[in-house]
Amino acid sequence: MDTGRLSPDARETALADLADGDELDVVVIGGGVVGAGAALDAVTRGLSVALLEARDFASGTSSRSSKLIHGGLRYLEMLDFGLVREALHERGLLVQRLAPHLVRPVRFLYPLKHRGWERLYAGSGVALYDVLSASSSGRGLPHHRHLTRRGALRACPSLRKDALVGALQYYDAQVDDARHTMFLARTAAAYGAHVLSRAPVTGFLREAERVTGVKVRDLEHDRVLEIRAKQVINATGVWTDDTQAMVGERGQFHVRASKGIHLLVPRDRIQSSTGLILRTASSVLFVIPWGRHWILGTTDTDWALDKAHPAASSRDIDYLLTEVNKVLITPLTKDDVVGVYAGLRPLLAGESESTSQLSREHTVASPQPGLVVVAGGKYTTYRVMARDAVDAAVHALEHGAPKSCTDTVPLLGAEGYRALRNQRYTLAARSGLHVARIDHLLGRYGSLIDELLSLMAADPSLRQPLDGAEDYLRVEISYAASHEGARHLEDVLTRRTRISIEVADRGVAAARPAAELMAGVLGWSDAQVEREVENYLRRVEAERASQDQPDDETADATRLGAADVVPLVGS
């Protein structure tokens, strides 16, 4: 099996193959985590598959989550034991087998505010969490512990003494969601799927009542093609209703968008060796370790405005800072905020007025012959959602297909990762890189690190840190364009790396050096480099301005002041 390079040449080959007109078994619409997971599930059953993404892989919800792989402690309180057990099983698979290079354990502290009953109540819930994890084969993380107030303050000295009487400590896992989704798409390509980004579906092909394929526009070169398929899977998340409307009939269910925003603050602003989980009046608040930063999140509010670029308002930011400051000795201010991002959860519409009460369960339906729709769910259970969607598609195929095997299919970079992790000092000595750089590369590429080391050996200039974002090497930018399907500067700075939220200037200084590296791979003209940089700078300016607005409506209008990714121009 090859390594599924999502290179410019591979994209052209995929377009040419799809333009031939041969009927595929399955076309998947949506390059988020569920769509990419469905493409991998289908192709590893031996089916012919195309994965189509309107923008960039994970450019919607799947790059803007809390970056947690977890069972969801709050769902225990809702007595949703089945969902929690399922999610914990998937957590175990990801940590141990499917993506150990991308998914890793993270420790959390849950402060207790009341003596006696709260320790019993919360402790019972966390104990059940551990039991469900073990019973679902999701073990692999340490058991929870009870801590005194003194023990909790040793773990997190930044906590106010009057904010707790003791604490519980437990484990979950975290992931770089955008990279994980891209790895799903790339692994699907390695097994033979046709994978295309910047290729929105503009309509459906029909024969009488049956859906027989899709109409697609290649945004990069303004080409239109028709792709015929026995089954089409709609996995477009918060865009489910919009995609369904193109079929011309009302769907069997509706998806409601809930906005969640997150803040990044420097690691030294909160002295702690552990993450935090805090109860608020309406939901929960996480403080999650993220490299040299903490991620603070999240909110949970209804959103009916622009889905492509949900905006964080000043009110959202103030809410998170106010809530976390209730337990910190030294309060955080807006000046401490390095990065901000907002995402939309695709929730199945229900009777509840509060999005926090809507189900995180998923559903699969076949509203018309030839079409399968999957919606709802949570990031952690993407593989189950993908499996169920492909099961529904296979049920309608005359020749059928084997059962899903994705619970045993590691993503690219997983095989050999632990051995290379053990050899990181040897790799550092051999490559001339500091061991911290090797750790960084292993945590982003796993065993595919060899491909980056080879590029650096051939061009030593790629070993240097990227100007304006020194935590990343120049080779990572070049590799994103040559191997990871990045087509535009925004793809690299916001999803292949996290420069747009990890650097105080939001990637402004790194924009031109990164664009020039991409130009060498993608063959950009000087004019295209200028357009890419200008587009990114306008995006940063619009996002910053939107975060000063008082409410969703004005924040949304301000964010839309910057156009989406620019098309390619001629040399």
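**Figure 1. What packs over helix α9 in this predicted model.** The cover on the buried residues of α9 includes β11 (255-266), β12 (275-279), β13 (284-290), β14 (293-297), β16 and α20 (552-559). Contact here means heavy atoms within 4.5 Å, and buried means under 20% relative accessible area, with exposed over 50% and partly exposed in between (1.4 Å probe, protein chains only). Helices (H or I, at least four residues) and strands (E, at least two) are DSSP runs, numbered from the N terminus. The buried set in α9 is Ser-314, Asp-316, Ile-317, Leu-320, Leu-321, Glu-323, Val-324 and Asn-325. An α-helix has 3.6 residues a turn, so residues three or four places apart point the same way. How far apart are the end C-alpha atoms of α9? They sit 16 Å apart, which agrees with the 16 Å that the 12 residues of α9 (residues 314-325) should span at 1.5 Å a residue; the expected span is 1.5 Å times one less than the number of residues.

Some housekeeping for every view: residues are numbered from 1 along each chain as its sequence is written, and side-chain values use heavy atoms, with hydrogens and water left out. Since this is a predicted model, local features need pLDDT of at least 70 and side-chain atom pairs count only at pLDDT 80 or more, while totals for chains, interfaces and linings use all residues.

**Figure 2. Helix α2, covered from end to end.** For α2 (33-43), 11 of its 11 residues are buried. Those are Val-33, Val-34, Gly-35, Ala-36, Gly-37, Ala-38, Ala-39, Leu-40, Asp-41, Ala-42 and Val-43. Their packing partners are β1 (24-29), β2 (49-52), α7 (177-190), β18 (371-376) and α10.

**Figure 3. The second largest cavity.** About 60 Å³ of space lies in here. On a 1 Å grid over the protein atoms alone, a cavity is a set of points where a 1.4 Å probe fits but cannot get out, and a pocket is an open set with protein on both sides within 12 Å along at least five of seven lines; lining residues have an atom within 4 Å of a point. Grid points are joined across faces, edges and corners, and a volume is the space filled by probe spheres set on the points. The lining is Gly-37, Leu-40, Leu-98, Leu-184, Tyr-382, Arg-383, Thr-406, Val-409 and Leu-411. Two or more of these residues come from each of α2 and α10 (382-395). By class, the lining has 6 nonpolar, 2 polar and 1 charged residues; Ala, Val, Leu, Ile, Met, Phe, Trp, Tyr, Cys and Pro count as nonpolar, Asp, Glu, Lys and Arg as charged, and the others, Gly among them, as polar.

**Figure 4. The largest cavity.** The model holds 6 cavities of 30 Å³ or more, and the largest has a volume of about 280 Å³. Of its 21 lining residues, Arg-64, Tyr-341, Ala-342, Arg-539 and Glu-543 lie nearest the centre. At least two lining residues each come from β16 (339-348), α16 (489-496), α17 (499-502) and α19 (526-546). The class split is 7 nonpolar, 7 polar and 7 charged.

**Figure 5. The second largest pocket.** This open space has a volume of about 970 Å³. Which residues lie nearest its centre? Arg-104, Gln-174, Gly-291, Asp-439 and Gly-443 do, out of a lining of 35 residues. Elements giving two or more residues to that lining are α4 (81-98), β4 (103-112), β6 (166-175), β13, α11 (417-422), α13 (435-445) and β20 (469-473). The lining divides into 12 nonpolar, 10 polar and 13 charged residues.

**Figure 6. Backbone oddities in three loops.** Most residues other than glycine have a negative phi, and most peptide bonds are trans. Lys-67, in the loop between β2 and β3 (68-69), has a positive phi of about 65°. Is Lys-67 buried or exposed? Lys-67 is buried, with a relative accessible area of 1%. Asp-222 has a positive phi of about 50° and sits in the loop between β9 (210-218) and β10 (223-234); Asp-222 is exposed, at 51% relative accessible area. A cis peptide bond, with omega about 15°, joins Gly-297 and Thr-298. Thr-298 belongs to the loop between β14 and β15 (301-302).

**Figure 7. Confidence along the chain.** The chain averages a pLDDT (the predictor's confidence in each residue, from 0 to 100) of 94, and 95% of the residues score at least 70. Over residues 351-359 the pLDDT is below 50, and this stretch has 23 contacts in the model beyond near neighbours in sequence.
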